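Welcome, and thanks for taking a look at this one with us. Below is a short tour of its open spaces, its charged pairs and a bit of its surface.

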Amino acid sequence: MDKYGLIGYPLGHSFSISYFNQKFHDEDIDAVYENFEIPTIDALPEVLSQNPELKGLNVTIPYKEKVLPFLDSISPEARSIGAVNVIRITHQGKDTILKGYNSDVIGFTKSIEPMIDKKWHNKALILGTGGASKAIDYGLRNLGLETVFVSRYEKTGTIQYKDITPEVIREYNVIVNCTPLGMYPHTEECPQLPYEAMDSHTILYDLIYNPDETLFMKQGEKYGAQTKNGLEMLLLQAFASWEFWHEK
């Protein structure tokens, strides 16, 4: 039986494990998907040695960037982003070969593209600076948008929340939340933004999918903003993972 899995820490509730095991059941695929909650990325070789039937892994926080040195090759897209969330595992004799990909950018781009109207949407704010935000930046720039990262701290190449005025919101009217603010169980939290400056041309995209409508989204909707959560992106990522594992 083939095995696939997810590495990260902590994992808690995983969309991937339920999605893939249901897929294997429905499509009569002789495989299983497991969570590997590892406290350090240095435990990856042990996961591989103890599970020789592994054909592929998904990678989640905090290892999307830390996993890079463990890989034998990286797709050009993932290398450009600087983060990997899919690993294809093959064997050549006694050697285990790991190739890294990024499905975040595929899932996100396909999900947000129908919302983008080039007449109104030319600039975007990316809230957060982690591994996922790099894929979001790559995807938005591929769609022709100018991007700016927003951080809580002073960092090169970013602005801070205190810098986001109503004028900035009207100019950078595509806003993507790549932070955990608002994720269950902390549903009463949201990024501190001048939501009152938003209108029907504002797009608020939240990578969070639990709850399905975050406070970030609700605050924008009060002023007419278009909103979307990260569930469709997650589904599209899962499709892409399967194709990467099978080199389609």
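In this predicted model, the largest pocket has a volume of about 1,500 Å³. Its lining counts 47 residues, and those closest to the centre of the pocket are Thr60, Ile61, Lys64, Pro180 and Met183. By residue type, the lining of the largest pocket splits into 24 nonpolar, 18 polar and five charged. Several elements contribute at least two lining residues each: α1 (15–26), β3 (54–59), α5 (131–142), β8 (146–151) and α8. Helix α8 gives the largest share, with five residues.

What about enclosed space? Searching the whole structure turns up one cavity of 30 Å³ or more, and the largest cavity holds about 30 Å³. Around this cavity sit Leu48, Asn51, Pro52, Leu54, Ile89, His91 and Thr96. Its lining consists of four nonpolar residues, three polar and no charged.

Now to the charged pairs. Side chains of opposite charge can pair when their charged atoms come close. The model has twelve salt bridges, and the table shows some of them.

| Salt bridge | Closest N to O distance |
|---|---|
| Asp104 and Lys64 | 2.7 Å |
| Arg141 and Asp137 | 3.0 Å |
| Lys162 and Glu154 | 4.0 Å |

Asp104 and Lys64 link distant parts of the chain: Asp104 belongs to helix α4 (residues 104–112), while Lys64 is in the loop between β3 and β4 (73–74), 40 residues apart. Both Asp104 and Lys64 are buried. Lys64 is also one of the residues closest to the centre of the largest pocket.

The pair Arg141 and Asp137 is within one helix. Because they are four residues apart in α5, about one helical turn separates them. Arg141 is partly exposed, since its relative accessibility is 45%, whereas Asp137, with a relative accessible area of 9%, is buried.

Lys162 and Glu154 offer another setting. Lys162 counts as exposed because its relative accessibility is 64%, and Glu154 is exposed as well, with a relative accessible area of 64%. Elsewhere, salt bridges with shared partners join Lys3, Glu34 and Glu53 into one network.

Finally, a look at the surface. Leu231, Leu235 and Phe239 make up a nonpolar patch there, together offering about 240 Å² of accessible area. Leu231 is part of helix α8 (residues 231–245), and its relative accessible area of 37% makes it partly exposed.

Lys99, in strand β6 (residues 95–101), is partly exposed too, at 29% relative accessibility. Its C-alpha atom is 44 Å from that of Ala197, a residue 98 positions away along the chain.

Technical notes
Residues are numbered from 1 along each chain as its sequence is written. This is a predicted model: local features need pLDDT of at least 70, side-chain atom pairs count only at pLDDT 80 or more; totals for chains, interfaces and linings use all residues. Side-chain values use heavy atoms; hydrogens and water are left out. Patches are made of residues with over 30% relative accessible area and no salt bridge: like charges are joined within 9 Å, nonpolar side chains (Val, Leu, Ile, Met, Phe, Trp, Tyr) within 5 Å. Accessible areas come from the Shrake-Rupley method with a 1.4 Å probe; for residues, only the protein chains shown count as cover. A salt bridge is a side-chain nitrogen of Lys or Arg within 4 Å of a carboxyl oxygen of Asp or Glu. Buried means under 20% relative accessible area, exposed over 50%, partly exposed in between (1.4 Å probe, protein chains only). On a 1 Å grid over the protein atoms alone, a cavity is a set of points where a 1.4 Å probe fits but cannot get out, and a pocket is an open set with protein on both sides within 12 Å along at least five of seven lines; lining residues have an atom within 4 Å of a point. Grid points are joined across faces, edges and corners, and a volume is the space filled by probe spheres set on the points. Ala, Val, Leu, Ile, Met, Phe, Trp, Tyr, Cys and Pro count as nonpolar, Asp, Glu, Lys and Arg as charged, and the others, Gly among them, as polar.
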